[in-house]
Amino acid sequence: MALVVAFLAPASFAVDGIYDRDLVRGFLSLKGDFRSMKSDGVKLINTYTGKSYAKNYPAGHVEIGAEYLKLRTWFDVDFMPITPTRGTSEWFSYGITWMWGYKLFPQNSFFNLIPSMGPGVELMNIRENYDSELLSSFGPILNLELELRLQWSQLSLGLYGGYKVVRFYDWDGTDISVASRGDVNADKVFVGLKLSWTMLNNFQKREKELQ
């Protein structure tokens, strides 16, 4: 779905003359960051597992999107590359966010600042032990991010940070006392590094072929 929206949908809009499809550039990013979760989220994990998990943990991301001049839109798929465990208990989460960003400086500037935001969903899973049922919940999110980017032609390196609003309302699991807690604030602050590859647009491809 991300590939269709990022690459095929822009072409269909261009037919109506909304923008020049020859200037659209697709991109792919790999990200890694450290996150710190609000105490409500950590308390839920520790209550259900009976362990003492830390609020800080690493997260990985893959971004697939498109860029038109200074405007950018993409899907951010985040996951936990290392699942935190305490004994036989564990917890992990996945999420997807539809982000929108804008380059504050010229499009191809070596240095750029890119504020962005977007809505999405996150799935949290908690397991008391290997044989127990997962306690899980889907929750809505709002991601706010600022990237400091250094760009060399198609390759770029970014330092980013931000705040992710996360709320979990309904829980599925066997432990009714925990699952009935309802609204859980699992907001997170984060900081990390991003490596991106931006494809050439149609105009740049034709220009390169003529060289």
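This tour moves through the structure one selection at a time and describes what is found at each stop.

**The whole chain**

Begin with the entire protein displayed, bearing in mind that the model is predicted. The protein has 211 residues, of which 45% count as buried. Colouring by secondary structure brings out four helices and 10 strands. Read from the N terminus on, these elements follow the order α-β-α-β-β-β-β-β-β-β-α-β-β-α. Among contacts in the protein with a separation of 6 or more, 65% are accounted for by residues 24 or more positions apart.

Next, colour by confidence. The mean pLDDT is 86, and 82% of the residues reach 70 or more. Now select residues 1-9, where the pLDDT is below 50; this stretch nevertheless has 16 contacts in the model beyond near neighbours in sequence. Where pLDDT is low, the predicted coordinates should not be read in detail.

**The largest nonpolar core**

Select Met37, Ile45, Trp91, Met124, Ile126, Phe168 and Trp171. These are the residues with the most contacts inside the largest nonpolar core, a set of 19 residues. At least two core residues come from each of helix 2 (39-49), strand 5 (89-102), strand 6 (111-127), strand 7 (135-152) and strand 8 (155-168). Which of these elements gives the most to the core? Helix 2 does, with four residues. In soluble globular proteins, nonpolar side chains tend to be buried together.

Centre the view on Met124. Leaving aside neighbours within four places in sequence, Met124 is in contact with several of the core residues just selected, namely Met37, Ile45, Trp91, Phe168 and Trp171. The contacts of Met124 also include Phe92, Ser93, Leu135, Ser136 and Ser137.

**Helix 2 and its end**

Select helix 2 by itself. The buried residues here are Gly41, Val42, Leu44, Ile45, Asn46, Tyr48 and Thr49. An α-helix has 3.6 residues a turn, so residues three or four places apart point the same way. Step past the end of helix 2 to Gly50, which follows the helix and has a positive phi, near 75°.

**His61 and its two aspartates**

Move to strand 2 (residues 56-68) and select His61. Is His61 buried or exposed? His61 counts as buried because its relative accessibility is 3%, under the 20% cut-off. Display the side chains of Asp33 and Asp76 as well. The side chain of His61 makes a polar contact of 2.7 Å with that of Asp33, and another of 2.9 Å with that of Asp76. Beyond its neighbours within four places in sequence, His61 is also in contact with Ser29, Leu30, Lys31, Arg35, Val77, Asp78, Phe79 and Tyr160.

**Ser36 on strand 1**

Select Ser36, in strand 1 (residues 24-37). Ser36 is buried, with a relative accessible area of 18%. Its side chain is joined to that of Asn56 by a polar contact of 3.0 Å. Outside its neighbours within four places in sequence, the contacts of Ser36 are with Lys55, Asn56, Asp187, Lys188 and Val189. Add Tyr57 to the selection: Ser36 and Tyr57 are 21 residues apart in sequence, with their C-alpha atoms 6.7 Å apart in space.

**The largest cavity**

Across the whole structure, a search finds three cavities of 30 Å³ or more. The largest has a volume of about 40 Å³. To display its lining, select Arg35, Tyr57, Ala59, Asp78, Phe79, Met80, Ser93, Glu122, Lys164 and Lys188. Strand 2 and strand 3 (71-79) each supply at least two residues of this lining.

**Two loops with positive phi**

Finish with two loop residues. Leu69 lies in the loop between strand 2 and strand 3. Although it is not a glycine, Leu69 has a positive phi of about 55°. With 39% relative accessibility, Leu69 counts as partly exposed.

Then select Ser153, in the loop between strand 7 and strand 8. Ser153 is not a glycine, yet its phi is positive, at about 55°. Ser153 is exposed, with a relative accessible area of 60%.

Conventions
Residues numbered from 1 in each chain as written. Predicted model: local features only at pLDDT ≥ 70, side-chain atom pairs only at ≥ 80, totals over all residues. Heavy atoms only, no water. Core = buried A, V, L, I, M, F, W, Y, C linked by side-chain atoms within 4.5 Å. Buried < 20%, exposed > 50% of the residue type's maximum accessible area, 1.4 Å probe, protein only. Contact = heavy atoms within 4.5 Å. pLDDT = per-residue confidence, 0-100. Polar contact = N/O pair within 3.5 Å; in protein donor to acceptor, adjacent residues only side chain to side chain. 1 Å grid on protein atoms, 1.4 Å probe; cavity = no way out; pocket = protein on both sides within 12 Å on 5 of 7 lines; lining within 4 Å. Points joined across faces, edges and corners; volume = space filled by probe spheres on them.
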